[in-house]
Amino acid sequence: MEWINVIVQGVLIGGLYALFAAGLSLIFGVMRLVNIAHGDFIVGAAYLAMVVIQATGLHPLASLFLVVPAMAAIGYAIQLGLLNRVLGNDILPPLIVTFGLSIILQNLLLTGFSADSRKLNAGALETQSLAVLPGVDVGYLPLLTFVAAVALIAGLQYLFYHTAMGRAFRATSDDGEIAQIMGLDNRRVFAWAMSLSMSVVAIAGVFLAIRANFDPFMGPSRLIFGFEAVIIGGLGNLWGTLAGGVILGVAQGLGAQIDPGWQLLAGHIAFLVILAVKPRGLFPRID
Amino acid sequence: MSQAATIVRSTPASRIAGLIALAVLAGIAAAPLWASSADLRLITEILFYLALASMWNLLAGYAGLISVGQHAYVGLGGYLMFSCVLFLGMNPLWSIPVAGLAGAALSVPVAWLVFRLKGPYFAIGTWVVAEVFRLSAAQMASVGGGSGLSIPVSVMRDLGSKDQRETLIYLTAFVLCVGAIALVYLLLRSRVGLALTAIRDNEIASSSLGVRIGRIKLFVYVAAASVTTMIGTLIFITKLRISPDAAFSVNDWTVFVIFIVVIGGIGTIEGPILGTLLYFLLREFLADLGAIYLMILGALAIVIMLAAPKGLWGLVVQRFDFSIFPVGYRVRRK
């Protein structure tokens, strides 16, 4: 029963990793950009939520109504003002620019909020749980995180394949030049994609901040978890990304069960093994 | 008949600059004779960063392998040195060639894995590997686990008095650094360099002309890993203490190195030299600012990417068409 519990908790944590991954996967799909600062933006959103909560006294989940639009606006501005200028055939400039953003953001958060770790308090949501099996209790918060991840991915999937904006994303992704001839403004399309990605980042940041302590330097490892979920699941497949997050979460849980020091290592090893045997991920999109 | 033309590599200006560079080099080699102990340590550190930057430049600037995980090899070198000294009773300096071989051997399976990832995802893949190295080191109780360990005083005493030791370490650093730059220079003037240029200009066309892209990239990756591991070994001989977080520090051994290369000028041999000097100059004046100093570095890298993607040396080349290390060809009238 102990092992079943470990697996169940790992699956639920996988929802959080899928939230980390979805925003990353989205912008890579649309503009072939890997945002090195993705994890730092997640942490930045957590701090933003903290400030909002301190100022208004809102519940962390209610703070999303302010944090999501704010992050979306920041994403739109960064894309139009900075990232659009460096996108091109050479992959180095966007990589270096987002790397620079990552370092700036980490040190900005350090200067503004010190290196102390923080946490958002979501009250009863954090402590209540549901007994599904004897010895297996499912906390409301992990369950809610997982449900949010599933709902979000379903929403993104719908947006991509059933709306005008999704059509614009897919067209720009397939062939940017032809899309422009057809009247799309790629720069705006990219900006919308980035603001959508940052909205997901905001949700991921708030769920992260309720679940565990956060500090200014934990961004890069969130980037890595998200990245691993994307690669495990297969590039371009959002449901695959959810599966990738679940596999990563279960691997970490099993590792931690064997020895607490093995938690992160087990996740990375699972990723490397899958990379070795299935380089295109478990569920590659059929092109 | 049209005028005959010759193809040359160097120009008079580059030959003169080369001679001046040799003179400066001789002066730097003689640093133990003129520099104070503190200055000698600073120059040693500059040489470390210059060597690391040259290796990252070889990877990213010439082979298009943008790795953000080279700290894996710096830390590996450090831990190999500690293992050689503590378990095999070796002289720390002799662990450098051992580390070079071990780093090259280990980088082959790593390359086999991370080469499956393309472009930007390759970058993060190398980062994961470095994380695996760090977490593994923290699990090994024999090398101090998460808290690390120090070199016994007796081991360092065997290297001679304090002055002798510092001179010996300095000269080793000098040889490693000059060797790293010479490796890049000679590699670029060889067939490998020609292949790298072809790959950079057009990967598909070069492949159809018979350039074996995979093998060339693997060769460059292994060479850079091997040299980086050796530099890591020497870095931790000077530090005397190692811990997983210090050995596999992404900031110290990868972020700063990338910023050095990008600011100085990626894809040129001179760029990392200029970048390293600028980095240490900035550090001398701004390091007290702490977090703000790091923000300035990050902003500088972003500005360079927006305004001059070829870096500061790129501006020099564009303005004066000049290079100290001629690796290309020029057509001249007779």
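**Two chains, their contact and their interior**

In this predicted model, the contact between the two chains draws 32 residues from chain B and 31 residues from chain A. On the side of chain B that touches chain A, the elements giving two or more residues are helix 6 (119-139), helix 13 (250-264) and helix 15 (291-307) of chain B. Helix 6 of chain B gives the most to that side, with 13 residues. By kind, the residues on the side of chain B that touches chain A comprise 26 nonpolar, four polar and two charged.

Turning to the interior, the largest nonpolar core has 195 residues, and those with the most contacts inside it are A:Leu19, A:Ala45, A:Ala46, A:Ala49, A:Ile203 and A:Val206. Helix 9 (residues 186-211) of chain A supplies the largest share of this core, 17 residues. A:Leu19 shows how such contacts are made up: leaving out residues up to four places away in sequence, A:Leu19 touches A:Ala149, A:Leu152, A:Val200, A:Ile203, A:Ala204 and A:Phe207.

Elsewhere in chain A, helix 3 (residues 60-86) and helix 4 (residues 92-113) pack against each other at an angle of about 140 degrees, and their axes are 7 Å apart. Helix 3 of chain A contributes A:Leu82, A:Leu83 and A:Val86 to this contact, while helix 4 of chain A contributes A:Pro93, A:Pro94 and A:Val97. The residues of this contact are six nonpolar, no polar and no charged.

Chain A also holds a hairpin, in which strand 1 of chain A is joined by four bridges to strand 2 (residues 136-139) of chain A, the two running antiparallel. Within this pairing, A:Ser129 has A:Gly139 as its bridge partner in strand 2 of chain A, and A:Leu133 stands opposite A:Val136 of that strand. Two residues lie between the strands of the hairpin, where A:Gly135 takes a positive phi near 90 degrees. Is strand 1 of chain A enclosed or in the open? Of the five residues of strand 1 (residues 129-133) of chain A, the number buried is zero, so this strand lies largely in the open.

Helix 4 of chain B gives another view of burial, since 13 of its 18 residues are buried and the helix is therefore largely enclosed by the rest of the structure. This helix, spanning residues 71-88 of chain B, reaches 25 Å from its first C-alpha to its last, close to the 26 Å expected at 1.5 Å a residue. After helix 4 of chain B comes B:Gly89, whose phi is positive, near 65 degrees.

A single residue of chain B can be followed in the same way: B:Ile273, which lies in helix 14 (residues 270-286) of chain B. B:Ile273 counts as buried because 22 other C-beta atoms lie within 10 Å, where the cut-off for burial is 20 or more. Apart from neighbours within four places in sequence, B:Ile273 is in contact with B:Leu50 and B:Gly264. Measuring from C-alpha to C-alpha, B:Ile273 and B:Ile28 are 14 Å apart in space, although 245 residues separate them in sequence.

Conventions: Residues are numbered from 1 along each chain as its sequence is written. Chains are lettered from A and ligands numbered from 1 in the order in which they are written. This is a predicted model: local features need pLDDT of at least 70, side-chain atom pairs count only at pLDDT 80 or more; totals for chains, interfaces and linings use all residues. Two residues are in contact if their C-beta atoms, placed from the backbone, lie within 7 Å. Ala, Val, Leu, Ile, Met, Phe, Trp, Tyr, Cys and Pro count as nonpolar, Asp, Glu, Lys and Arg as charged, and the others, Gly among them, as polar. Axes are lines fitted to C-alpha atoms, for helices over the stretch in contact, and angles run from 0 to 180 degrees between N-to-C directions. A residue is buried if 20 or more other C-beta atoms lie within 10 Å of its own, exposed if 12 or fewer, and partly exposed in between; C-beta atoms are placed from the backbone. Two strands pair if DSSP finds at least two bridges between them. The expected span of a helix is 1.5 Å times one less than its number of residues. A nonpolar core is a set of buried Ala, Val, Leu, Ile, Met, Phe, Trp, Tyr and Cys residues joined through C-beta atoms within 7 Å.
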